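Please open the model in your viewer and keep the sequence panel beside it. The tour below goes from one selection to the next and says what is to be found at each stop.

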Amino acid sequence: MPNAVALKVLVVDDQNSVRQMTRMTLEQIGIRYIHEAENGVRAMEIASLQPLDLIISDFNMPEMDGLGLLRAVRGHPAVRKVPFILLTGRGDRELVVKAAQAGVNNYLVKPFTAAILREKVEQVMGKLS
Amino acid sequence: MTSLDQLKVTFFDECSEALQQIEAGLTDIRQGHSSDDTINAVFRAVHSVKGGAGIFGFEALVEFAHVFETVLDGVRRGSLTATPETIDVMLAASDVLSDLVQMSRSGEFITPDFGGENRAALEQIIRSDQTGGGAAGGENSPAPAEFEGLDFKPVPVDGFEFTQVPVDDDSATAGADMMRSYTITFRPNADMLKKANEPLYIIRELRKLGELDLIAETDSLPSLAVLEPDRPYIGWTGTLQTSASRAQIDEIFEFVVGDCDLEIVETTPASAVADTVDVDRMAAPVAPTASAATPPPPPKVETAAPPVRSNEASEPAGANRSPVAKPAATTTRIELERIDRVVNMVGELVIAQAMLGQIVQDLPEGTSGRLSQILDEVIHHTRELKDSVMSMRAQPVGAVFQRMPRLVRELATKTGKKVRLEMTGETTEVDRSIIERLGDPLTHIIRNSVDHGIEAPADRLAAGKGEEGTVRLAAEHRGGRIVIEVIDDGAGINSERVLKKAREKGLASPDAALSEDEINNLIMLPGFSTAETISDISGRGVGMDVVRSNIQEIGGRISLKSERGRGMTIQLALPLTLAVMDGMVIKVGRETYVMPLSAIVECLRPARSDINNLVGTCGMLKLRGDLVPLANLSDLLDISSTAADSSESVVIIVDAGEGSRFGLVVDELCGHQQVVIKSIEESYGSVPGIAAATILGNGRVAFILDIEKLSELTVTAPAGVSRQRNAA
């Protein structure tokens, strides 16, 4: 039963507004340590230097999309086992399938409420205290 | 403004940018000069607007953007053709989108049929999509958060059910080192430095194991006035990400464990706990089987082929792993010659900079303020440059040392002896050219120790020693040189036998009276070997003489000391390998010399009362309760001093190695600077007391002093000359 306050989460999205919204929502469910990255490369930098408990990433980003990031994470020895939740748009089933094959832990459809976020996170990490 | 409002502002800013991109992109496409990327960029822009709008609840914007996005998706996938008409519709759509953004921003009411005409046109285009694009199907009604019919099972990270499928099964990373992270807290005790433990090396060693992230703790750091230079004050806390074992980390702290507060805690994040199944061919990845639209490729193999959407610019073509910047340390191979050239250039730079410094110093007062400021900066940068370049060539001596334990074990077994090898100072760095040439001589010396030095267990017991002999291999920087010692606690050299053998071979005259030391050193003469049987270990005639010439070839010195029955010490002193070093310029009489800054402990101008004149010495200096023997540099080098009496002289306390200190009396301190070391051994051979030469800023040549040799000379040099001066 992980303690929400102790979790370290990385949020990856090229849109600042979305990052901030995600941050706010994460804070609503009690998470405090939130790193941000605006693209996959920056995300990998952070991921390989900071201990992370969870990565939440948008799919739709220039240069390296969320799926690319997922694959990069799964391929990097230091971070390959970090749980990864992919943000997808409505109706993108193909993406979910691909992500599943690449090793994603869960997906979230934008927009999401705090309740849904919590549910998705708990599905992966266990009940948050 | 609430933070939500602030975010909305941010969002609308993003929308402005996105809208510009959309229009520009579509225009390019319309005019025929666009790339694959353009359509993707436009798609992403619309998608972003839609996503953000959804978050902030601008439904009308979301709905419209969704339809727009669908068309764009079709075009980029190739299932829709971008005819001029289509593009015109899209251009109109971008106008509608822009209006919707504006209205959402200002909060005005949006009629349900706003942009309806354009929307209808878009929908018509969608209907013409040949592949019946999955995204379009029934998506105009708000879709549930879960995908219906999709058998997606969230993958929890519980220890037992760790079923992630790694991307690349046959890569080097699979089945390998598990990365762990450790939090290390380190606080040195007051005497750590006195016990010759250097915290810096620990940090360097840790860095070699992985990524180290440190925060220094400076709370114990006192003010400069009370700071003691030989006490460590700074502790640190850090995280280390490494695949090394805990044992390896502990090893780094081996020598300091008693002298510090140390805490190493493994803090690998919960997700990495699964040390059980390292997931090579994991079963059941969570690929849904029900979805008919895209038959999933076989679950065990990563989708190697590019995905259906060949236009997806974001997917690296066919690559299993995205070519992302791997932040782990990368290395590259460089020809040594190139590095040497850079080293030389840096050397020349230092000389030029010194000359520049001289000129600036000689300028009239007041003109040079800014200039000397900048020059200081240049000096600072050059120093850093030098350090970087030097570090390229430097390697830890451990590279050579690490072969030794095995060597000793094998030898011990062969000879039936019990020997233990202790090594210290493996991290001492030495120029790589030295490393390469050190292996053979060192091997030979250690072989000798085991073969001839250490006695058989029975003999050792008979002599009152422990059964197991010890050979100690140590390296350290001392007085500006690198000193490597091999110390064994064996039987030492049998000087009678050596003398006898030497006489037999004509290497020593029958009536020469040689001191024990001199006899012992005979073994380094060519052709000498006292092995009764030619053991295949040490060979015949290939003895210490070869070792000595090897060492001399790299500009070093070898000396040995033996104590009958107690053991032998062989010391290798290797030259200053750094082509550039920090030196203190000093004057004695009319001569200028340079001393390696690393050898200097402190400088002072003592009062007469602090100096005790003892018979047979140049004086002893009272220094904080200790008596330090003094030596006049003028005596040692046989030049005349101009100082009238000792109170005008400067005393430089130097570290002569082996814990001995003495005070070198000179006339003047001229400041310190970086100097380029130019070797003179080729031309002049070895001159006692002089290590090398350099060119000072004023263009003159100055000799660099060899402090260790000087300290030896203090024993033999006549103390008479200057003392007369003192007495006067």
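What follows is a walk through a predicted model, beginning with whole chains and ending with a single residue.

**Chain A**

Select chain A and colour it by secondary structure, which brings out five helices and five strands. Followed from the N terminus, these elements run β-α-β-α-β-α-β-α-β-α. Of the 129 residues of this chain, 65% count as buried. If you list the contacts in chain A with a sequence separation of 6 or more, residues 24 or more positions apart account for 62% of them.

**Chain B**

Move on to chain B, where there are 20 helices and 22 strands. Among the 728 residues of chain B, 34% are buried. Of the contacts in chain B between residues at least 6 apart in sequence, 69% join residues at least 24 apart.

**Helices α3 and α5 of chain B**

Select residues 59-77 of chain B, which form helix α3, together with residues 116-127 of chain B, which form helix α5; the two pack at an angle of about 35°, and their axes are 10 Å apart. The crossing of α3(B) past α5(B) is left-handed. To see the contact itself, show the side chains of B:Phe64, B:Val67, B:Phe68, B:Thr70, B:Val71 and B:Gly74 on α3(B), and those of B:Arg119, B:Leu122, B:Glu123, B:Ile125 and B:Ile126 on α5(B). Coloured by class, this contact of α3(B) with α5(B) divides into seven nonpolar, two polar and two charged residues.

**Helices α8 and α9 of chain B**

Next, select helix α8 (residues 336-362) and helix α9 (residues 369-393) of chain B, which pack at an angle of about 160° with axes 10 Å apart. How do α8(B) and α9(B) run, roughly parallel or roughly antiparallel? Because angles over 145 degrees count as roughly antiparallel, α8(B) is roughly antiparallel to α9(B). Here too a left-handed crossing is found, as α8(B) passes α9(B). The residues in contact include B:Val342, B:Val346, B:Leu349 and B:Leu356 of α8(B), and B:Leu375, B:Val378, B:Ile379 and B:Leu385 of α9(B). By class, the contact of α8(B) with α9(B) holds 15 nonpolar, four polar and two charged residues.

**A sheet in chain B**

Now turn to an open sheet of six strands in chain B, which you can trace in the order β14-β18-β19-β17-β16-β15 and in which the pairing is mixed. Which strands stand at the edges? They are β14 (600-604) and β15 (611-612) of chain B, and each has a single partner strand, so one side of each is left without a neighbour in the sheet. Zoom in on β14(B) and on strand β18 (residues 650-655) of chain B, which run antiparallel and are joined by four bridges. For one of the paired positions, label B:Cys603, whose bridge partner in β18(B) is B:Ile652.

**B:Thr38**

Finally, select B:Thr38, which lies in helix α2 (residues 36-56) of chain B. Because B:Thr38 has 19 C-beta neighbours inside 10 Å, this residue counts as partly exposed; 20 or more would be needed for a residue to count as buried. Apart from neighbours within four places in sequence, B:Thr38 is in contact with B:Gly25, B:Asp28 and B:Ile29. As a last step, draw a distance from the C-alpha atom of B:Thr38 to that of B:Arg76: the two residues are 38 residues apart along the chain, and these atoms are separated by 9.4 Å.

Key: Residues numbered from 1 in each chain as written. Chains lettered and ligands numbered in written order. Predicted model: local features only at pLDDT ≥ 70, side-chain atom pairs only at ≥ 80, totals over all residues. Axes fitted to C-alpha atoms, helices over the stretch in contact; angles between N-to-C directions. Left-handed = near helix turned anticlockwise from the far one by under 90°. Contact = placed C-beta atoms within 7 Å. Nonpolar A, V, L, I, M, F, W, Y, C, P; charged D, E, K, R; others polar. Pairing = 2+ DSSP bridges. Parallel < 35°, antiparallel > 145°, perpendicular 65-115°, else oblique. Buried ≥ 20, exposed ≤ 12 C-beta atoms within 10 Å, placed from the backbone.
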